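Please open the model in your viewer and keep the selection panel at hand, since each stop below asks you to pick something and then look at what is there.

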Amino acid sequence: MKNTIKVERAKKNWTQADLAKHIGISRQGLNSIETGKFIPSTVLALRMAKAFNTTVEVLFQLDDTEQ
Amino acid sequence: MFTYLYEAKHSTSIFMERSGKNESQNSVIFALIYGATYLPAAWLLKHQMIGKPLSIIVAIIPIITFAVFVLKLIKAFSVMDEVRQRVQLEAVVIGFSLTAMLIMLLFLLELCGVSNPGWFGYGHLVGYCWLFYFVGWFVSKKKYDV
């Protein structure tokens, strides 16, 4: 699973801590999601998409091998 | 209006994070209280320094503090974020699996007459159980980099 969290964060000029506060998780937890080590639940992905005013599909995409 | 909603949502997530931290701290405090009751109780009972009726009470006290600790841990688990929940879940699964394996191995070895109660008594198994939980916790923390 690929994600564009870092790109979206950069667009908003948010640090990991800022985004983590917005979506109610720890900074370390967000780092784990951003680096692809942990795949978030649907609720958290939707909350993240809402924070960025975008959709889940923009934030998360399946890898070529997963499709 | 939107600013108000944003602030309300923001403060809710901060509140969630703080309450999660408080619950985690509470569970650590109760773990320490459990340890502070278990170790002296084990020492007192091992050296048979008190009479039988009092021994039973001393034996029950750490069980009560452990039960309170488990309740606090469950409460802390419910307010953790999902990454931390996964780490705890994997730690418990690894800890439980390794403890079950050790108990099975000891049982089978006992059946064939090979056992060493000096190293693998009930008291030691409690220690191994905690050790395996921390092994699982360490492995899972490394896996998710938290």
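In this predicted model, begin by selecting helix α2 (residues 16-23) of chain A together with helix α3 (residues 27-34) of chain A, whose axes come within 9 Å and cross at roughly 105°. Because angles from 65 to 115 degrees count as roughly perpendicular, α2(A) and α3(A) are therefore roughly perpendicular to each other. To see where they touch, show the side chains of A:Gln16, A:Ala17, A:Leu19 and A:Ala20 on α2(A), and those of A:Arg27, A:Gly29, A:Leu30, A:Asn31 and A:Glu34 on α3(A). If you colour this contact by residue class, you will find 4 nonpolar, 3 polar and 2 charged residues.

Keep α2(A) selected and add helix α4 (residues 42-51) of chain A, which packs against α2(A) at an angle of about 115° with the axes 9 Å apart. The crossing of these two helices, α2(A) and α4(A), is right-handed. Which residues of α2(A) meet α4(A)? They are A:Leu19, A:His22 and A:Ile23, and on the side of α4(A) their partners are A:Leu44, A:Arg47, A:Met48 and A:Ala51. By class, the residues of this contact divide into 5 nonpolar, 1 polar and 1 charged. A:Leu19 is worth a pause, as this residue takes part in the contact with α3(A) and also in the contact with α4(A).

Now widen the selection to residues 5-59 of chain A, a stretch that an unreviewed UniProt entry annotates as "domain: HTH cro/C1-type". Over these residues the chain is 69% helix and 0% strand, and if you pick the C-alpha atoms at the two ends of the stretch you will find them 6 Å apart.

The next stop is the place where the two chains meet, so show chain A and chain B together: 16 residues of chain A are in contact with 13 residues of chain B. On the side of chain A that touches chain B, α2 and α3 of chain A each supply at least two residues, and the largest share, 4 residues, comes from α3(A). Colouring that side of chain A by class gives 5 nonpolar, 9 polar and 2 charged residues.

Hide chain A for a while and look at chain B alone, which has 4 helices and 0 strands, so that from the N terminus on its elements run α-α-α-α. Of the 146 residues of chain B, 13% count as buried. Among contacts in chain B between residues at least 6 apart in sequence, 78% join residues at least 24 apart.

Within chain B, select helix α3 (residues 82-111) and helix α4 (residues 122-144), whose axes come within 7 Å and cross at roughly 140°. That angle makes α3(B) oblique to α4(B), and their crossing is right-handed. The residues of this contact divide into 18 nonpolar, 4 polar and 3 charged.

Finish at a single residue, B:Ala42, which you will find in helix α1 (residues 2-46) of chain B. Is B:Ala42 buried or exposed? The answer lies in between, because a residue needs 20 or more other C-beta atoms within 10 Å to count as buried and 12 or fewer to count as exposed; B:Ala42 has 15 and is therefore partly exposed. As a last step, select B:Pro62 as well: B:Ala42 and B:Pro62 are 20 residues apart in sequence and 9.2 Å apart in space, C-alpha to C-alpha.

How values were computed
Residues are numbered from 1 along each chain as its sequence is written. Chains are lettered from A and ligands numbered from 1 in the order in which they are written. This is a predicted model: local features need pLDDT of at least 70, side-chain atom pairs count only at pLDDT 80 or more; totals for chains, interfaces and linings use all residues. Axes are lines fitted to C-alpha atoms, for helices over the stretch in contact, and angles run from 0 to 180 degrees between N-to-C directions. Angles under 35 degrees count as roughly parallel, over 145 as roughly antiparallel, 65 to 115 as roughly perpendicular and the rest as oblique. Two residues are in contact if their C-beta atoms, placed from the backbone, lie within 7 Å. Ala, Val, Leu, Ile, Met, Phe, Trp, Tyr, Cys and Pro count as nonpolar, Asp, Glu, Lys and Arg as charged, and the others, Gly among them, as polar. UniProt positions are given in the numbering used here, feature names are shortened, and annotations may be inferred rather than shown by experiment. A crossing is left-handed if the near helix is turned anticlockwise from the far one by less than a right angle, and right-handed if clockwise.
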